[in-house]
Structure formats: C-alpha cells, structure tokens
Amino acid sequence: MSYVIEMNSIRKEFPGIVANDNITLQLKKGEIHALLGENGAGKSTLMNVLFGLYQPERGEIRVRGEKVEITDPNIANRLGIGMVHQHFMLVDKFTVTENIVMGNEPTKFGVVNIKKAAKEVEAISKRYGLSVDPYAKIENISVGMQQRVEILKTLYRGADILIFDEPTAVLTPQEIQELIGIMKTLVAEGKSIILITHKLKEIMSVCDRCTVIRRGKGIGTVDVSETDQDKLAAMMVGREVNFKVEKTPAIPKETVLAVSDLTVKDSRGVDAVKALNLDIKAGEILGLAGVDGNGQSEFIEAITGLRKADKGSIKLNNKELVGLKPRKVTEAGIGHIPEDRHKHGLVLDFSIGENIVLQTYYQQPYSKNTVLNYPNIFKKAKDLIEDYDVRTPSEHTPARALSGGNQQKAIIAREVDRSPDFLIAAQPTRGLDVGAIESIHKRLISERDKGRAVLLMSLELDEILNVSDRIAVMYEGQIVDIVDADKTNEKELGLLMAGGKKEKAGEAK
Amino acid sequence: MDIMQILSLVIPAAIFAAAPLILTALGGLFSERAGVVNIGLEGLMVMGAFTAIITTLTLEGMGMSGMMVIILALIISILIGSVFSLFHAVASITFRADQIVSGVALNFLAVGLTVFLVRLLYNKGQTDYISNRIYRMDVPVLSDIPFIGPLFFSSAYVTSYVAILLAVVVYFIVFYTPFGLRLRSVGEHPMAADTMGINVNRMRYIGVMLSGAFAGLGGAVFALTVTGNFSGTTIVGQGFMALAALIFGKWNPLGALGAALFFGLAQALSITGQQIPLLSDVPPVFLLIAPYVLTILALAGFVGRAEGPKAIGKPYIKGSR
Amino acid sequence: AETPAGEGEDAPSEDAVEAGDFKVAMVTDVGGIDDKSFNQSAWEGLTTFGEEAGLEEGTGYRYLQSATMDDFEPNLRSLVREDSDLVWGIGFLMEDAVRTIAEQVEEAQIAIVDTVVLDADENTYDNIANVTFKEHEGSFLVGVAAGLHTEGDKVGFIGGVESGLIKKFENGFKAGVKAVNPDAEILVQYAESFNDASIGSQIANTMYSQGADIIYHAAGGTGNGLFTEAINRARNGEAVWAIGVDRDQHDEGAYGDESVTLTSMVKRVDTAVAIVSEQTMNGEFPGGEILEYGLEEDAVGIAPTTDNLSEEALSAVEDYKAQIQSGDISVPSTDDEYDEYLEGLE
Amino acid sequence: MAKLLPKGRLLSWSIPLIAVFLGIFIGGIIMLVSGYNPITGYSALIRGIFSDSYYLGETVRMMTPLILAGLAVAFAFRTGLLNIGVEGQLIVGWLASVYVGITFDLPAVLHLPMAILAGALAGALWGFIPGLLKAKFQVHEVIVTIMMNYIALYTANAIIRSYLLVPGERTGSINQSASLSSPLLQSLTDYSRLHWGFVVAVLACVIMWFILWRTTKGYELRAVGLNQHASQYAGMNVQRNIILSMLISGGFAGVAGAMEGLGTYGYMSILSGFSGLGFDGIAVALLGANTAVGVLLASFLFGGLKIGALNMQSQAGVPTELVEIVIALIIFFVASSYIIRWVMNRVKKEDI
Ligand SMILES: Nc1ncnc2c1ncn2[C@@H]1O[C@H](COP(=O)(O)OP(=O)(O)OP(=O)(O)O)[C@@H](O)[C@H]1O
Ligand SMILES: Nc1ncnc2c1ncn2[C@@H]1O[C@H](COP(=O)(O)OP(=O)(O)OP(=O)(O)O)[C@@H](O)[C@H]1O
Ligand SMILES: [Mg+2]
Ligand SMILES: [Mg+2]
C-alpha cells in the first residue's frame with residue numbers, strides 16, 4: 001500500500017452534533033488530495049483530528065501504514081504531519097523566523113540562534129520558492145506572505161504531509177497562482193498534500209483526487225482526471241431530499257434599495273467590496289450567492305451602518321444611508337437578520353421578551369419617558385412567539401436556552417414585525433433543521449408577497465435557488481452576474497461562484 | 001544645596017526606592033507575558049516581606065548572624081513567594097477564574113494570613129526588629145570615580161545593583177532565549193503556541209510562579225533594607241506601583257526598570273524636594289501623585305501607547321478560538 | 001476571686017472596688033501593644049498595675065486592638081458595655097470615639113492619653129480623665145544633649161504628622177538645643193506619616209547629608225527609617241546620632257556592640273496609666289481633670305541608657321532638669337512660645 | 001427545555017452558597033490548626049453579630065458603605081467593566097460630602113441631600129476619567145482606576161491638610177443639618193453608630209435595580225455589558241454607555257464615602273491608607289452575583305463577619321485577620337466557580 005495517511009471510519013462528535021460520521025480518507029504519497037464539502041460539513045474537524053487537536057470517538061489513523069494515536073500536535077509534528085490553519089496561527093509581534101522556530105529553536109549557549117534559524121528558513125524558502133524576509137514582523141507583511149510563513153513552519157519541522165485548510169479563501173488571485181505553484185513544487189519534492197477548498201477550479205487545476213463529504217458523512221473519493229466541475233458540484237451540494245419551496249412568480253415593483261459604486265474595506269483594510277452596483281425592488285427576493293469571504297458580509301454591514309462605506313452610495317427609497325448610524329438605518333426601514341445570530345442577533349442572556357424589543361425598546365409602547373413597560377414588552381413577545389411559532393417555555397426564558405432554530409425564529413419575528421421596507425436575511429437558515437428552514441423560507445416569501453424587498457444572503461445553493469427570484473453572484477467584492485432563479489441551476493451558479501464565468505459575466509453587463 | 005549635592009541625595013535614594021519595584025515588576029512581567037494578569041503582586045510582596053523577616057528572626061534566634069542569614073532569608077522568600085503564587089496560578093489557569101478577581105483574592109489572603117501567622121507565632125501584631133539587615137556600602141574603586149562615583153556607587157545598597165542587573169538578565173531571557181520566546185508566544189497567541197507543541201498551561205504556571213519568586217524577592221528586599229520588621233502595613237501599595245511600572249514600561253524589563261527608577265525619583269524628589277530651593281515651592285502633593293498621573297497619561301497614549309500581551313486575561317481552553 | 005495578700009488592701013475608700021473585682025481595659029491604636037511606642041508603653045503600665053493589684057490578665061486587665069480607625073468606637077464601647085471599671089483610649093485619634101461614648105454612657109469611666117476631650121462649651125467631661133504629658137520638657141532635655149554633642153552645630157528634627165502634639169516635641173527640642181548652643185541650626189521636616197519607614201530614612205539621609213549630625217524624631221514607625229539611615233552611616237564610619245522618642249530606643253539603634261542612639265526622650269505612658277488605674281481602683285477616678293505629667297512626676301525625661309552621653313551633657317541635663325522643675329525655665333510648647341523663648345535668650 | 005431554567009437558577013444560587021461554606025469551613029480548619037477552637041471562635045463571631053441590638057446596629061452600619069461599594073462594582077460589572085477604583089471614588093465622595101457639610105449652613109432638607117449629592121458627583125467624576133479613557137482609547141480600566149485611587153488618597157489628604165484641618169488630624173465636624181446620625185437609631189441599638197445612611201444604601205439598591213431593570217438606559221447598559229456587538233447592531237452607543245456606567249458606578253462609590261462622612265464619622269480624617277472598602281466591594285459584588293439583592297445579602301455576610309470578628313477577638317482570642325482569610329477564600333471559590341460547576345456536573349452525572 002502506498003498510502004501515507006489512512007483515516008478509517010472516523011467519528012467525531014460535538015455536543016449535539018456529529019461533525020464526522022464514519023469518514024474515510026486515504027492520501028497517496030506525492031498527491032494533492034482535495035477535501036470538498038459545504039460549510040459545516042466537517043472538513044476542518046476531520047483535519048483537526050488528523051493533526052491531534054481533537055480526539056476521535058471512533059476510527060483509526062494509519063500513517064505510512066502504521067497505526068498511530070495522535071493525541072497532540074507534537075505527535076503529528078513528529079509523524080511529519082503539518083497543518084496550515086484556515087485562521088493563521090501566527091504571533092503578530094514576532095518575526096517570521098521566530099514564528100517558524102518557536103517551540104523548536106536552535107540554540108547557542110542557551111540563546112536562540114536567530115541567525116542560524118534565519119539561514120535555515122532562507123534555505124527552505126529558496127528550495128520551495130517561498131520567498132519571505134526572515135526578519136520581517138508578521139504584522140507588517142501581507143496575508144499571502146503570512147501564509148508562506150505558515151507553510152514554512154510545517155516544512156521547518158520536516159513535515160512531508162501537509163494539510164491546507166481553505167488556504168485560498170484569504171488570498172488574492174495572484175497569490176493563489178503563486179500558492180498553486182508552491183504546492184506543485186512541494187509534491188515534486190515528494191510531499192503529500194491535503195487541500196480543503198470550496199473552489200472547484202482550484203481542485204481541477206492542482207488536485208489528483210478529491211474526497212467529498214456532506215453533513216459529516218463521506219460521499220466518496222474520485223479521481224480529478226475522471227470528473228469535472230459539474231460533477232463535483234453535484235456531489236457537494238446534492239441532497240437526498242430536495243424541498244421545493246412553493247411560491248408564485250414575483251411581481252417586482254419600484255426599486256427600494258439602490259447601491260452604486262460601493263467600496264468597503266474589511267477589518268484588515270483591504271477592499272472587500274469593490275465598486276459594487278445593485279438594485280433591489282419591492283416584491284422580490286434577491287439572492288446573494290457566493291463563496292464565503294467574497295465580501296458578502298462586508299456588503300451587508302455597510303448597508304446596515306455597522307461598517308463604514310469607503311465610497312459610493314446606498315439609497316433606500318431615495319434616502320441616502322451612507323454615513324448614517326445603525327439606529328438611523330434601522331429607523332429608515334431596514335430589517336436585518338444578521339449572519340451571526342450569537343454575535344449580533346441576540347443578547348443571549350436576555351430573555352426572549354427583552355430580545356424581541358432589541359431594536360424598539362426605546363419606543364412606545366415598550367417604554368415611556370425612559371421607563372420600560374415590561375407588560376407591553378412581554379405581551380408583544382407572547383404574540384410574536386405565537387405568530388412565528390417560536391418554541392420556548394415562555395417569553396421570560398433566556399435566549400440562550402433556546403435551540404438555534406428557535407433563536408433564529410425569534411430574530412426573524414423581531415425584524416419582520418417592524419414591517420421594514422427592506423429586509424436583509426443573511427444566512428438565515430445556517431445550522432437549522434429542515435422544519436425550521438422551511439418555516440423561515442415561507443416567512444421570507446410571504447414578506448415578499450406583502451411588497452417588501454428582500455435580500456437573501458446564503459452560502460447554500462439550494463436555499464438561494466429555491467427562495468430567490470433573482471440571484472446576484474458575488475465574487476471578489478463584485479457582482480459578477482445576476483441571473484433569474486428559474487433560468488439557472490446549481491451547476492451554473494457553482495461555476496459563477498468560483499469565478500468560473502467572470503469574463504462572460506463582464507460581457508453581459 | 002548645590003546641584004551636585006541634590007543629585008547625590010536624590011539619585012541614590014531613587015535607585016534605592018526603585019529596587020523592590022524593579023524586582024516585583026520583573027515578576028509581573030513573567031506572569032503577564034505568559035498571559036496571566038497579576039494584580040496579586042502586592043500580596044506576593046507581602047508574602048516575601050513576611051518570609052524574609054520571619055526567617056531572619058528565626059535564624060537569629062538560632063544564633064546565626066551575618067551574610068548567611070540574609071542570603072537564606074532571600075532564598076526562602078523567593079521559594080515561598082513562588083509557592084504562594086500557585087494560589088493564583090491554580091485559580092486562574094486551571095480553574096479558569098477571572099484573573100483579576102483571583103489576584104484580588106490573593107491580596108486579601110496574603111495580608112490576612114501573614115498577620116494572622118505573626119500573631120500566632122509571636123503573639124503580637126508585628127514582629128521584632130531584625131539585627132541582620134542589608135546595609136549600604138561603597139562599591140570599591142567605582143565609588144572613587146569623580147562625579148559618577150558619588151552618584152551611583154557610594155554608600156549604595158547591593159540589592160539595588162542586583163535589581164538593575166536582574167532587569168538586564170530578564171530582558172535577555174525574555175527576548176533572547178527559547179524560554180522567553182515560548183513565554184511570549186503563550187501570552188500573545190496561545191493557540192499558535194499550542195500547535196507548535198508548546199505546553200501553554202505549563203508555561204503559564206511557570207510565568208506565574210516566577211512572578212511569585214520575583215515579587216517575593218522584592219518584598220524581602222523591601223523588608224530587609226527599609227523596615228526591618230514585618231506588620232500589616234509593611235507593604236502598602238508597592239505591589240500596585242510595581243504593576244504600574246510594568247505597564248508604564250510597556251511590559252519590557254528595561255522599560256519597567258526605567259519606570260521604577262522614575263517612580264523612585266519622583267518619590268525621592270517629593271521628600272528631598274522640600275529642601276531644594278526650586279521644588280520646595282511645589283506643593284509636595286504634586287510630587288506625590290506625579291507617578292500615578294504620568295502612568296495614566298502614558299496609558300492614554302500620550303507617551304506612546306502601551307499595548308499588553310494580546311491574550312492576556314483569558315484562560316486558554318483548548319480548541320476554542 | 002482571690003486577693004493575694006499584701007496588695008489592694010490598703011485603706012480602700014468607700015466606693016473603691018475590691019481589687020479582685022476591678023476590671024480595667026485599654027483599646028490600642030492600630031499600632032497594637034507591641035508598637036514599641038505609646039501603645040506598648042500603656043500596656044506595660046497596665047500590666048504592671050494589674051500584676052500588682054493581683055488581677056488576672058484577660059479578665060481583670062486586658063486590651064483590644066483596633067484594626068482600623070473604624071474599630072475605635074466599637075472596641076471602646078464593648079469594654080464599657082462589659083462593665084469595665086476603667087477604659088483607656090490610647091492616643092489622641094480616639095478623641096471623638098471617647099467623647100461619643102462619654103456622652104452616651106454617663107456612668108462610664110474613661111481615660112484618654114495625649115489629648116483633652118472637651119464638649120461644645122469647651123468644658124471637660126466628668127466621666128473622662130484626660131492624661132497628657134509635658135513632652136516639651138523631656139524634649140528640652142534631649143535638645144540639651146544634642147546641642148552639646150553636635151560637632152557641626154547642626155541638628156535635625158523629624159516629625160510624624162504635623163499637629164499640636166508633635167509641635168510640643170519640636171519646640172521643646174529646639175529650645176533645649178538653643179539653650180546650650182545658640183549658634184546651632186536646627187533642620188525640621190515632617191514626614192506626614194507615622195508609619196512610613198522609607199520616607200523616614202530618606203528625610204534622615206537628606207538631613208545628614210546637609211551636615212546635621214544628630215537627629216531627633218517624633219514620628220513613630222516613620223522614625224524607624226531614621227535608625228536605619230543612622231546605622232548605615234555609622235557603619236561607614238560617620239559620626240552621626242539619632243535620638244529616640246517615647247521609650248528607650250537604644251536597641252533600635254544597635255549595630256554590632258554599639259548603638260547610634262544618643263539618648264531617647266522617654267514618655268512614661270506606663271507610669272501615668274498605672275497611676276490613674278490605681279487611683280480609679282481606689283475610688284478616686286480623676287474624671288473631668290486634665291492631668292499633665294511632666295518632669296515633676298518623672299513621667300518624661302531622658303532614657304536610662306546613657307552610654308553614649310558625655311559627662312558634660314549628663315550633668316547639663318541634670319542641671320536643666322532642676323531649673324525646669326524649679327520653674328526657672330519655662331519650656332515652650334508652641335511656635336509662639338518658642339519665638340518668645342528665643343527673644344528671652346538674647 | 002422547561003427544566004433548564006430552574007436548574008440554572010439553582011446553580012447560580014448554589015455557587016455563592018458553596019463558596020461561603022467552603023471559605024468558612026477552611027477558616028475553621030485554619031483555626032483548628034492554629035490551636036483555636038473553631039466552634040468557640042465561630043460562636044463568638046455569631047454572638048458578635050446577633051446577640052444584641054448593639055452588635056446588630058454596628059453590623060448594619062458596617063453594611064452601609066459595603067452595600068454602596070458593592071453596588072458600584074456590580075453596576076460597572078454589568079457593563080463589562082471592573083471598577084477597582086471604588087476606593088478612590090469613595091475617598092473623593094467622602095471629602096466632597098464633608099466639605100459641603102462643613103461649609104454650608106442650610107435647612108436639613110436641603111443640606112443633607114446636597115451633601116450626599118456632592119459625594120455622588122465627586123465619585124462620578126472620579127469614575128468618569130477611567131470610563132472615558134476606556135471608551136475612547138481602550139485603556140484598561142483596571143490600571144487607571146488603581147492609579148486614580150492613589151491620586152484620590154494623596155489629593156484628599158493634601159486638601160484636608162491645607163484647607164480643612166482642625167486638631168486631631170481631621171476636618172472639622174459637619175453641621176448637624178447635613179448629618180445622617182440619629183439619636184433615635186442609636187438609642188434603639190444601645191448606642192451603636194447606626195445612622196440613616198442605611199436607608200440611603202437600601203434606596204441605592206432600589207435605584208440600581210430600577211435603573212438596570214426598569215429603564216431604557218439600564219437595558220442598554222446591560223446589553224452592552226453582555227454583548228457589545230449585538231448592542232451596536234441594535235443601534236446603541238457602546239462608548240457612551242461605558243462612560244455612563246463608570247459615572248454611575250463612581251456615583252455609588254461616592255455616596256459610600258458620603259455615608260462615612262455624614263453618618264459614621266461626621267468628618268473626614270487624614271487617611272494613612274486605603275479603607276479597604278473598595279476591595280471589599282469587589283468581594284461583595286462578586287458574591288452577590290452583581291444583583292441588588294445579592295449585594296445586600298453579601299454585605300450582610302461580610303459586614304457581619306467584620307463586626308463579629310471584633311467579638312471573636314475579644315471573647316475567643318481569635319485574631320480578626322481570620323475573617324480576612326475567610327473572605328479571601330470565599331472570593332477565591334466564587335471566582336473559581338468553573339471548578340465548582342465541574343464538580344457539581346460530575347456529581348450529577350454519577351447520579352444519573
Ligand atoms: N469545537 C467544536 N465544538 C462544537 N461543535 C463544533 C466544533 N467545531 C466544529 N463544530 C461543528 O461541527 C460541524 C463541522 O464543522 P467543521 O468545522 O468541521 O466544518 P467545515 O467543513 O470545516 O466547514 P467550513 O467550510 O465552514 O470550514 C459544524 O456543525 C460545527 O458547528
Ligand atoms: N467550540 C465551538 N462551539 C460551537 N461552535 C463552534 C465551536 N468552534 C467552532 N464552532 C463553529 O463551527 C463552525 C466551523 O468551525 P471551524 O473552527 O471548523 O471553522 P473554520 O472552518 O476554521 O472557519 P470558518 O467558520 O470561517 O469556515 C463555525 O461556524 C464555528 O462558529
Ligand atoms: Mg470554513
Ligand atoms: Mg473549516
């Protein structure tokens with residue numbers, strides 16, 4: 001057997017969820033092996049098991065044929081396994097060399113021999129074409145450069161099995177090209193690579209084989225040479241049950257939200273939204289599709305006033321929103337079901353009742369002369385709990401005690417009940433069970449039918465396809481194409497999302 | 001008084017007053033660089049002062065005297081300081097207690113426990129005076145250098161030099177040795193350190209225990225040079241000042257050294273200043289509060305922003321981010 | 001309770017308490033009974049009295065220590081409530097607490113050291129005995145010793161916190177120095193603290209560096225710094241001296257076989273405490289009186305250890321002591337009196 | 001799911017109780033090891049709290065500043081801030097209230113509220129600085145408040161010494177019209193120093209409860225304390241709420257100082273060091289789970305321990321420091337609730 005890694009029937013549970021259920025992955029020496037799956041499918045978990053950060057409940061791992069117990073990243077290191085984490089594990093204030101050698105430093109008279117270390121780093125970086133400045137501080141170098149440091153960390157420790165967790169998600173196209181080159185050099189040097197990515201094009205261009213997992217279960221492994229992007233996309237998003245949401249054709253009316261030339265920077269100061277234009281009309285649901293990290297979140301934050309827009313304009317019913325504080329934006333008529341319900345959507349330790357008035361607590365009848373009127377608040381909460389079928393013992397229960405789906409329903413109740421002209425639903429069904437998903441979809445459609453404009457941002461293709469009327473695909477901070485939901489399919493969308501038809505989209509505009 | 005006389009009064013006094021602060025701030029540095037806030041420095045100093053005095057008295061009772069007594073007292077204070085700091089370490093690292101609250105508890109405990117023990121051992125609220133103390137001396141040769149000699153090397157406490165030397169040593173350890181690199185990595189990004197095979201909690205335990213050792217030494221030096229006995233009021237606020245010196249010095253050993261010297265200078269000036277023509281017009285209270293006001297200004301970024309270790313104050317829980 | 005023979009027998013007056021039943025107690029300042037200062041001295045006095053009267057420690061005579069100022073009143077009161085026949089408040093800081101209790105519990109018998117408790121109309125209370133000392137007289141004597149011993153004609157005085165009480169020490173001392181050495185310069189500085197030894201040592205350092213060779217302190221724990229500094233200098237061969245306060249502080253100045261303590265101004269709180277306790281037991285509680293203990297009563301004076309004093313100084317001290325006792329010299333206690341006194345010298 | 005709530009409640013009540021029990025238990029062991037009889041010691045302590053009206057009066061008097069200091073810490077905590085500066089805020093509040101009490105001569109209905117308000121304002125001002133620095137420059141409030149404590153101590157002493165000093169190392173006494181002391185309360189409690197400040201403290205509990213739980217501001221403050229991101233999402237001004245929280249917290253601390261100045265003492269002494277009330281406030285707030293009722297109960301515990309300790313000293317000979325050790329241990333165990341929870345979960349699992 002020429003497998004360097006065999007993960008057999010791995011099972012990993014987290015409280016309330018089986019992240020990996022009987023997954024098998026086999027890595028051949030000298031290959032680049034893709035690991036593909038939707039968000040939350042269990043890819044990172046599987047790799048963390050391999051790297052010793054998590055212990056599996058069941059299953060065995062063999063490295064170069066030998067059965068091993070990887071209980072610690074140290075053991076993984078010793079076995080020659082290195083991991084480039086999706087979220088970089090770098091100390092900002094340290095230099096490149098310090099980050100690379102830390103925990104394994106060459107010394108001279110008890111002192112870290114930085115010169116020697118830097119020389120080694122340089123030697124390795126030359127050998128694999130990973131040029132870095134060994135003395136530069138991490139906080140001063142680009143993301144692409146930081147990633148090289150991550151790779152160098154593993155190589156410095158003599159890893160010959162490398163795991164890359166979504167390495168391209170944070171890179172510019174040029175950087176991606178460089179990374180692809182690096183990976184090719186690495187395998188040429190005899191290393192083996194597992195690559196996690198959502199971008200099919202990348203898989204097609206560098207990978208030898210691809211293992212697909214879905215909802216914690218292994219779907220299968222295919223040779224890349226014997227498949228194509230369409231087939232991979234189908235494997236990834238395919239569902240046993242395919243709920244078709246019932247809805248009548250949309251009757252779009254006047255434009256509610258008009259975005260023009262919008263540019264927004266992300267937290268690192270890089271343009272995440274680039275001169276974006278988009279119109280959304282009353283009575284339609286516009287789906288915003290795209291791979292995670294293509295600027296969708298920043299776009300929505302800019303609309304809602306949570307993030308400063310750099311350039312451009314956002315008009316709601318002809319009223320300029322750019323420059324307004326979040327409260328003013330809300331009052332202007334925007335409802336926002338936020339992407340991260342725990343971070344933004346709820347104060348988990350507040351009761352459901354208190355969360356229901358998070359946007360309106362300062363208004364009558366919930367308060368008068370700054371004194372809260374709890375009877376009114378809880379009465380409202382009770383009504384909404386009923387209307388929106390939020391399953392909770394009572395309106396006094398803390399939000400924390402509710403299941404994710406019911407938390408989400410409470411947020412939707414709050415946002416929709418204010419009858420905003422424009423409703424943003426960002427990943428409204430993430431992590432929810434089928435029943436909850438269905439009710440939320442129905443709610444969105446009924447809002448549309450009431451003549452509201454709805455923006456649905458989702459990473460899940462069938463959600464986008466089933467619920468939206470038009471679909472805008474976002475790629476690298478721009479809308480690459482807008483298609484009618486009933487005239488497209490998963491395959492086409494998957495390609496668009498991977499930037500596959502960027503050129504064509506550009507022509508269409 | 002001429003300027004030379006003023007300097008020869010103020011500078012040795014400043015260095016002298018700074019020594020316990022320097023030592024304790026260095027201790028705080030180990031702990032905070034490892035990511036554990038240490039408000040308990042005060043309590044650790046109390047422990048050190050207590051131990052030094054008790055040890056000295058006990059050894060004197062056994063008929064010992066001389067250098068040996070002092071060295072033993074210092075060593076035992078260091079040991080007890082680091083053992084006592086385990087209280088903070090266990091609470092904030094293993095039990096994931098709020099590090100600030102745990103430090104506050106440590107301070108309460110130190111004062112309560114030491115005074116309680118003094119009562120138990122001696123049946124009174126404060127100890128007797130020790131007779132083997134650390135005394136001043138002239139540094140041979142160096143004290144004869146004109147100008148520099150009288151300012152820095154005549155009739156000085158050896159502990160002051162030890163403190164300054166240790167600041168340099170700690171600087172070297174923290175920034176140039178593998179241990180230092182790992183210590184800092186744990187305080188900056190414990191998850192990264194973990195993936196590099198560094199045992200985060202072990203490093204943090206070491207950091208906290210070193211803080212106990214150094215603060216214990218700081219308290220001991222204070223007791224053996226300044227007070228000569230121990231009571232509940234021997235250490236009042238020096239630990240907090242050391243913490244301030246640490247932050248003012250931007251978590252850098254040499255910075256902390258400078259800050260502590262600055263505090264010492266401010267204190268010396270506030271006392272000697274009453275005899276200096278120009279300063280005697282300044283109400284002493286302004287000199288008294290100067291260190292605290294300046295620290296706040298420094299923190300607010302007017303003297304350059306002080307940014308602590310990134311992961312400070314957060315317990316490390318494997319796998320969470 | 002058993003009454004040891006020979007004691008407490010002599011002619012008790014009518015309302016005198018039988019010795020065995022007499023209960024006396026004191027409340028210490030935050031310093032406690034081992035503060036090497038007036039609390040300790042007071043406790044020694046109480047112990048002497050208690051032992052002589054055949055009382056049992058803990059029941060017959062006892063003390064309560066205050067952890068903070070907050071405790072003065074509860075401590076005093078709990079002693080009053082336990083029907084102690086005499087309750088001592090040690091230190092002028094207890095003035096308010098003593099006044100409050102005296103107003104509330106008329107039958108209480110309270111004595112306070114170092115201050116006079118007056119009501120709104122400036123009258124004393126009948127149930128408070130005010131025990132004060134003529135510290136200026138004792139300070140005068142150590143001033144004489146200092147004035148004669150100084151070689152550079154420069155001496156120093158370190159005060160704890162500036163107040164009328166400590167001013168008595170300062171002015172008496174200065175007057176004594178001037179009496180024998182009119183040219184001498186006297187440096188004065190207040191530490192504004194009674195328990196900061198490091199400030200004490202820095203002030204002493206400054207004074208010695210300016211040429212003062214003898215420093216007298218009335219600064220409690222802060223004064224410990226004076227001894228630290230003096231020993232440090234003496235060990236390096238400098239001829240410097242410290243003068244102690246309240247008790248014989250010879251030991252505080254000890255290094256090797258010698259001591260930097262020139263002499264000390266002792267204030268016999270113990271004597272006063274014993275006298276007043278005795279009186280009270282005999283039914284003669286001096287309530288409402290302002291007792292001033294001075295040289296006359298041997299309640300202030302120089303310490304018994306005189307190893308470091310010259311013959312000349314000793315005889316001068318004796319000489320001045322006699323003059324003060326006879327009233328030939330009136331020792332100044334306030335700044336104004338001192339100024340007058342200086343004019344008188346010229 | 002319905003069962004989840006009571007269980008959570010139970011846990012939040014049981015942890016302080018377990019912590020108190022453990023603290024007292026270990027305190028007992030320490031007594032035993034040191035040669036004291038814990039039963040005698042603790043019973044003297046309990047007698048020193050309950051055995052007559054005087055002790056109860058003193059306990060309640062002791063509680064007064066503890067409640068307010070505890071409220072100050074708790075209030076800041078609710079907004080995610082740790083106010084170690086209660087000590088300094090208390091000192092300036094004490095000074096300001098005494099100053100007003102001495103300087104003005106007004107009818108009591110005006111004078112007393114004015115003096116208390118002066119204390120509150122001074123404390124609020126002292127809290128404002130760290131709040132502002134936290135909100136605008138992200139300066140850690142802990143270190144700033146520590147520094148502010150020293151500044152308060154030295155400045156207050158200097159002000160007293162320069163402008164307000166009378167013999168006895170203190171300011172003059174306040175005018176009767178600004179005094180909280182009460183002959184009635186004193187005579188009811190056999191001349192304890194109990195004063196009307198207790199009513200103020202209880203009122204402050206109600207105010208804290210009202211602000212936090214009944215007003216829109218309190219709603220915002222709590223939201224900001226629990227989840228800044230969600231608060232921002234909901235259009236609240238996070239920075240302003242942080243400053244406001246420190247203002248109010250400092251105000252409570254200032255009133256605590258006013259209680260000392262207008263009630264217990266009637267003047268302010270030159271302070272040789274910190275009162276320790278600020279740190280006690282942390283303990284009180286922590287044990288009281290940052291609720292008004294909790295603070296009240298915790299103040300009773302700590303106030304009782306402190307007053308009872310005096311009796312424990314005089315009757316059982318146990319040094320009062322034992323109580324400090326017990327308090328430190330209680331804080332330790334409350335802070336380490338993770339381990340208590342863990343043990344409890346273990347025990348629960350084994351039950352199943
Ligand atoms: N430490 C954890 N505790 C609890 N649940 C977890 C933990 N880590 C992951 N999960 C859950 O396990 C499931 C699988 O997550 P995993 O991170 O492996 O997904 P993924 O395939 O890497 O997704 P993505 O494409 O977003 O990276 C998710 O539902 C996630 O919520
Ligand atoms: N301890 C945890 N408890 C609950 N959920 C968790 C935990 N750790 C991670 N998750 C959730 O699991 C999902 C994936 O987790 P994971 O750490 O694998 O993310 P990732 O793949 O590294 O990053 P991303 O979420 O950006 O794709 C995320 O939604 C995350 O919020
Ligand atoms: Mg991901
Ligand atoms: Mg992942």
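**Cavity lining and the C–B contact**

Modeller: The second largest cavity is lined by F51(A), N77(A), G82(A), M83(A), H85(A), E150(A), K153(A), T154(A), R157(A), T195(B) and M196(B). The model is predicted.

Colleague: Why is this called a cavity, and what is its volume?

Modeller: A cavity is a set of points where a 1.4 Å probe fits but cannot get out. The second largest cavity meets that rule, with a volume of about 90 Å³. The count is 8 cavities of 30 Å³ or more.

Colleague: Which elements give two or more residues to the lining of the second largest cavity?

Modeller: Strand 6 (81-84) and helix 5 (143-156) of chain A do. Helix 5 of chain A gives the most, with 3 residues.

Colleague: How do the lining residues divide into nonpolar, polar and charged?

Modeller: There are 3 nonpolar, 5 polar and 3 charged residues. Gly counts as polar, so G82(A) goes into that class.

Colleague: What makes residues of chain C and chain B part of the contact, and how many are there?

Modeller: Contact means heavy atoms within 4.5 Å. By that cut-off, chain C brings 24 residues and chain B 27 residues. The area buried between the two chains is about 2500 Å², with 44% from carbon and sulfur atoms. On the chain C side, D34(C), Q202(C) and N232(C) supply 23% of the area buried against chain B, more than any other three residues.

Colleague: How many salt bridges are counted between chain C and chain B?

Modeller: A salt bridge needs a side-chain nitrogen of Lys or Arg within 4 Å of a carboxyl oxygen of Asp or Glu. Between chain C and chain B the count is 0. Residue pairs in polar contact number 4.

Terms used. Residues numbered from 1 in each chain as written. Chains lettered and ligands numbered in written order. Predicted model: local features only at pLDDT ≥ 70, side-chain atom pairs only at ≥ 80, totals over all residues. Heavy atoms only, no water. Buried area = accessible area lost by both parts, 1.4 Å probe. Polar contact = N/O pair within 3.5 Å; in protein donor to acceptor, adjacent residues only side chain to side chain. 1 Å grid on protein atoms, 1.4 Å probe; cavity = no way out; pocket = protein on both sides within 12 Å on 5 of 7 lines; lining within 4 Å. Points joined across faces, edges and corners; volume = space filled by probe spheres on them. Helix = DSSP H or I, 4+ residues; strand = E, 2+ residues; numbered from the N terminus.
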